[in-house]
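Visitor: Please take a close look at one part for me, namely any pairing of aromatic rings, and set it in the context of the strands around it. I would like the cut-offs stated as you go.

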Amino acid sequence: MPEGDPWEGRFAGAVAYVRPEQLRLAVPATEPAWEARLRHIYLAGSIAHLELHVPSLDQVLEVDVASEDLSRLGLQPGMDLRLAPRSAVLFAQDPAGATLEHERWIWHERDRVHA
C-alpha cells in the first residue's frame with residue numbers, strides 16, 4: 001500500500017476502498033500481500049466473482065476475475081491465496097473515526113516491467 005503519509009501527519013487514520021476488479025490474485029511471496037482463503041466462486045458469464053476471507057483484516061473481500069482465470073489459476077473454494085490491490089482510494093479519518101470525503105487520495109500500484 002502507500003509509502004509515506006499523503007496527509008503529512010494531519011490525520012491519525014484512513015480507510016481504503018478497493019474495487020473488486022482492482023484486487024490482484026496469486027501475488028508472489030516476495031511481494032507484500034494479504035493471505036486469504038477462497039470461500040465461494042460465483043460465475044456470471046465471462047466474469048467470476050470470488051469471495052475471500054482475509055484473517056489479518058477480519059474482512060471478506062470480493063474479487064472479480066475473468067472466467068478463464070479460474071482454470072488457469074486452478075481456483076477452487078478452500079484454497080489459500082495471496083492478494084494485493086492494484087489501486088485504492090483512501091479517505092482520511094477524523095479523531096472520532098468519521099471518514100472525511102474531501103480528504104481523498106488515489107493510490108496506484110507502481111507499473112511493473114516484465115522481462
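**Aromatic rings and their strands**

Guide: Phe 11 counts as partly exposed, at 21% relative accessibility, where buried means under 20% relative accessible area, exposed over 50% and partly exposed in between, with a 1.4 Å probe and protein chains only. This is a predicted model, in which local features need pLDDT of at least 70 and side-chain atom pairs count only at pLDDT 80 or more, while totals for chains, interfaces and linings use all residues. Residues are numbered from 1 along each chain as its sequence is written, and side-chain values use heavy atoms, with hydrogens and water left out.

A pair of aromatic rings is described by the distance of the centres and the angle of the planes. Rings of Phe, Tyr and Trp (its six-membered ring) pair if their centres lie within 6.5 Å, and planes under 30 degrees apart count as stacked, over 60 as edge-to-face and the rest as tilted. Searching the whole structure with this criterion gives two aromatic pairs. In one of them, Trp 7 and Phe 11 have ring centres 6.3 Å apart and planes at 85°, so the pair is edge-to-face. Trp 7 is buried, with a relative accessible area of 8%, whereas its partner Phe 11 is partly exposed.

Tyr 17 and Phe 91 also form an edge-to-face pair, with 5.7 Å from centre to centre and 75° between the planes. Because Tyr 17 belongs to strand E1 (residues 13-17) and Phe 91 to strand E7 (residues 87-93), this pair ties together parts that are 74 residues apart in sequence; strands (E, at least two residues) and helices (H or I, at least four) are DSSP runs, numbered from the N terminus. Tyr 17 counts as partly exposed at 47% relative accessibility, and Phe 91 as buried at 14%.

The strands that carry Tyr 17 and Phe 91 belong to an open sheet of three strands, in the order E1-E7-E8 and with antiparallel pairing; two strands pair if DSSP finds at least two bridges between them. E1 and strand E8 (99-108) stand at the edges, each with a single partner strand, so one side of each is left without a neighbour in the sheet. From one strand to the next, the twist averages 30°, the axes being lines fitted to C-alpha atoms (for helices over the stretch in contact) and the angles running from 0 to 180 degrees between N-to-C directions. E7 and E8 run antiparallel and are joined by six bridges, and Ala 88 stands opposite Trp 107 in E8.

For context, five other strands form an open sheet in the order E2-E6-E3-E4-E5, again with antiparallel pairing. Its E4 and E5 pair over eight bridges, and the facing residues include Leu 50 opposite Val 63 in E5 and His 53 opposite Val 60 in E5.

As for confidence, the mean pLDDT of the chain is 88, and 92% of its residues reach 70 or more, pLDDT being the predictor's confidence in each residue, from 0 to 100. Among the elements of the chain, strand E4 (residues 47-54) has the highest mean pLDDT, 96, and helix H1 (residues 67-73) the lowest, 88. Where pLDDT is low, the predicted coordinates should not be read in detail.
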